[in-house]
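Reader: Could you walk me through this structure slowly, and explain the terms as we go?
Author: Gladly; here it is.

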Amino acid sequence: MLKGKTALVTGSTSGIGLGIAQALAAQGANIVLNGFGDVAGPRASIEALGAKVVYHGADMSRVAEIEAMMAFAAAEFGQVDILVNNAGIQHVAKIEDFPVERWDAIIAINLSSAFHATRLALPAMKTANWGRIINLASVHGLVGSAEKSAYVAAKHGLVGLTKVTALETATSGVTCNAICPGWVLTPLVQKQVDAKAAALGVSNEEAKKLLLGEKEPSMQFTTPEELGALAVFFCSPAAINIRGVAWNMDGGWVAQ
Ligand code: NAD
């Protein structure tokens with residue numbers, strides 16, 4: 001379905017971003033990988049699906065590096081047709097204890113980077129009259145949780161940016177939507193499981209159940225594969241009139 005299209009997925013060396021990159025590659029898209037840590041493993045897993053893959057290691061907190069990555073993607077593949085703004089970090093602390101540099105980093109990586117990548121991708125998408133922008137927000141773009149001030153602020157901001165992007169492209173073949181997962185067992189969440197296990201002196205399995213039990217009625221983690229399937233749907237012709245939604249995939253978290 002996506003043969004000949006190019007998808008740039010920020011933060012795609014791990015977790016949800018990697019799952020989405022694999023799902024788009026399985027539909028025939030070329031992939032621009034981004035993120036830190038091991039690149040060879042993720043790259044090989046996508047190439048195994050028959051996709052062309054290039055990698056750019058832009059730090060998404062740095063505007064000049066985002067600009068360099070977008071120029072690199074255009075030079076490699078002509079243009080970015082599908083932009084998935086996924087890179088994100090978390091820090092958990094009460095507001096009065098929240099390190100100022102963590103606040104700044106979360107706003108830069110989880111929110112401002114999506115603005116920069118979007119402003120740079122939109123002109124070519126509008127010219128082509130086809131594009132998909134998918135913002136990885138969170139249930140925390142819809143509701144709050146204590147001790148996650150920067151993350152909740154950034155994700156609510158990202159849902160707002162999604163709506164404005166959708167309105168500014170509403171009469172075109174470009175759409176913009178947000179995906180709002182509940183708990184997904186990636187390294188980002190494993191850190192929170194580990195912290196709970198240590199704080200309560202319980203096993204890892206017990207800590208996972210406690211985490212799910214607090215928020216997610218299904219008592220199931222959403223998987224990167226399920227999120228990848230939703231991203232593929234947003235890229236399909238059937239989704240052309242889905243514009244500016246914040247679509248939660250959260251085991252009932254926000255239904256409560
Ligand atoms: P993860 O830690 O597995 O992956 C994060 C990715 O972002 C990695 O590839 C990492 O290298 C990259 N990254 C981090 N900082 C970066 C930077 N400065 N520049 C470039 N890349 C950077 O996390 P994940 O759980 O897969 O999270 C992906 C997105 O999904 C995030 O935006 C997160 O907020 C969101 N999300 C996650 C969950 C969850 O439960 N895991 C739930 C809702 C939303």
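Author: A polar contact is a pair of N or O atoms within 3.5 Å; within protein, one must be able to donate a hydrogen and the other to accept it, and residues adjacent in sequence count only if both atoms are side-chain atoms. This is a predicted model, where local features need pLDDT of at least 70, side-chain atom pairs count only at pLDDT 80 or more, and totals for chains, interfaces and linings use all residues. Residues are numbered from 1 along each chain as its sequence is written, and side-chain values use heavy atoms, with hydrogens and water left out.

Reader: OK, so what lies 2.8 Å from an oxygen atom of the ligand?
Author: That is a backbone N or O atom of Ile16. A polar backbone atom of Met60 lies 2.8 Å from a nitrogen atom of the ligand, while a side-chain N or O atom of Thr186 is 2.4 Å from a ligand oxygen.

Reader: And how much of the ligand's accessible area does the protein cover?
Author: The protein covers 93% of the 830 Å² that the ligand has on its own, with accessible areas taken from the Shrake-Rupley method with a 1.4 Å probe.

Reader: Which domains give residues to the shell around the ligand?
Author: Both domain 1 (6-184 + 223-249) and domain 2 (185-221) do, so the ligand lies between them; the bounds come from an automatic or database domain assignment.

Reader: Which residues come nearest to the ligand?
Author: Of the 30 residues around the ligand, which have a heavy atom within 4 Å of it, Ser14, Asn86, Tyr151, Val184 and Thr186 come nearest.
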